Amino acid sequence: MYSLGKKIEALRKETGTTQEELAEKLGVTRQSVSQWENDISSPKADKFKLLCQYFNVKPEYFLFEEISANRNGDKEDLSIAEGNPVKQAEQKSKKYSRGKIALITCGIVLGIPIVALLVFFSIIFGLYYE
């Protein structure tokens, strides 16, 4: 599993490009490239697009955790890792199905009036028995 920064660094080294050269091609500072490679920050959308063009890779290469040797992102060669945030979000949304959400909503809607009634009666009976 490689992070975005490690993939940028690996491609840069593979092409024999220095941080300074890559920074110049992308119109950023060498420090920006260093921060990307160390996962301190991420490139903005326009720079991300330029990165893909410069290294001749599809965005999927950077976005998914595990990619096969084919960097063009062809579907048959693309392997989505279990740690993929999109896949995790889909699994989480399935976890909270409509039935569970409806049950929680009913519990809240019915629970508030019951608590209010209990407080009301405790006040009335509390005053009555004093």
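This report looks at the salt bridges and one nonpolar surface patch of a predicted model.

## Salt bridges in brief

Let's start with the charged side chains. The model contains 4 salt bridges. Some of them are described below, one pair at a time, along with where the partners sit and how much of each is accessible.

## Within helix α1

Lys13 and Glu9 are a good place to begin. Their side chains form a salt bridge, with a distance of 3.0 Å from N to O. Both residues belong to helix α1, which covers residues 4-14, and they are 4 residues apart, or about one turn of the helix. Lys13 has a relative accessibility of 53%, so it counts as exposed, the cut-off being over 50%.

## From helix α1 to helix α3

Next comes a pair that reaches across the chain. Glu37 and Arg12 meet in a salt bridge whose closest N and O atoms are 2.5 Å apart. This pair connects distant parts of the chain: Glu37 is found in helix α3 (residues 30-37) and Arg12 in helix α1, with their positions 25 residues apart in the numbering.

Are these two partners buried or exposed? Glu37 is buried, as its relative accessible area is 2%. Arg12 is buried as well, with a value of 9%. Buried here means under 20% relative accessible area, so both residues fall within that class.

## From helix α2 to helix α3

Helix α3 also takes part in a salt bridge through Arg30, whose partner is Glu20. Here the closest N and O atoms lie 3.9 Å apart. Glu20 is in helix α2 (residues 19-26) and Arg30 is in helix α3, so the bridge links distant parts of the chain, 10 residues apart.

Both ends of this bridge are partly exposed: Glu20 has a relative accessible area of 45%, and Arg30 has one of 32%. Returning to the Lys13 and Glu9 pair, salt bridges with shared partners join Lys6, Glu9 and Lys13 into one network.

## A nonpolar patch

Now for the uncharged side of the story. Which residues make the nonpolar surface patch of about 470 Å²? The patch is made by Leu117, Phe120, Phe121, Ile124 and Phe125.

Phe120, one of these residues, is located in helix α7, which spans residues 98-128. Its relative accessibility is 45%, and Phe120 therefore counts as partly exposed. Patch residues need over 30% relative accessible area, so the 45% of Phe120 meets that cut-off.

Terms used. Residues numbered from 1 in each chain as written. Predicted model: local features only at pLDDT ≥ 70, side-chain atom pairs only at ≥ 80, totals over all residues. Heavy atoms only, no water. Helix = DSSP H or I, 4+ residues; strand = E, 2+ residues; numbered from the N terminus. Buried < 20%, exposed > 50% of the residue type's maximum accessible area, 1.4 Å probe, protein only. Patch = residues over 30% accessible without salt bridge, like charges linked within 9 Å, V, L, I, M, F, W, Y side chains within 5 Å. Areas by Shrake-Rupley, 256 points an atom, 1.4 Å probe, with all protein chains shown as cover.
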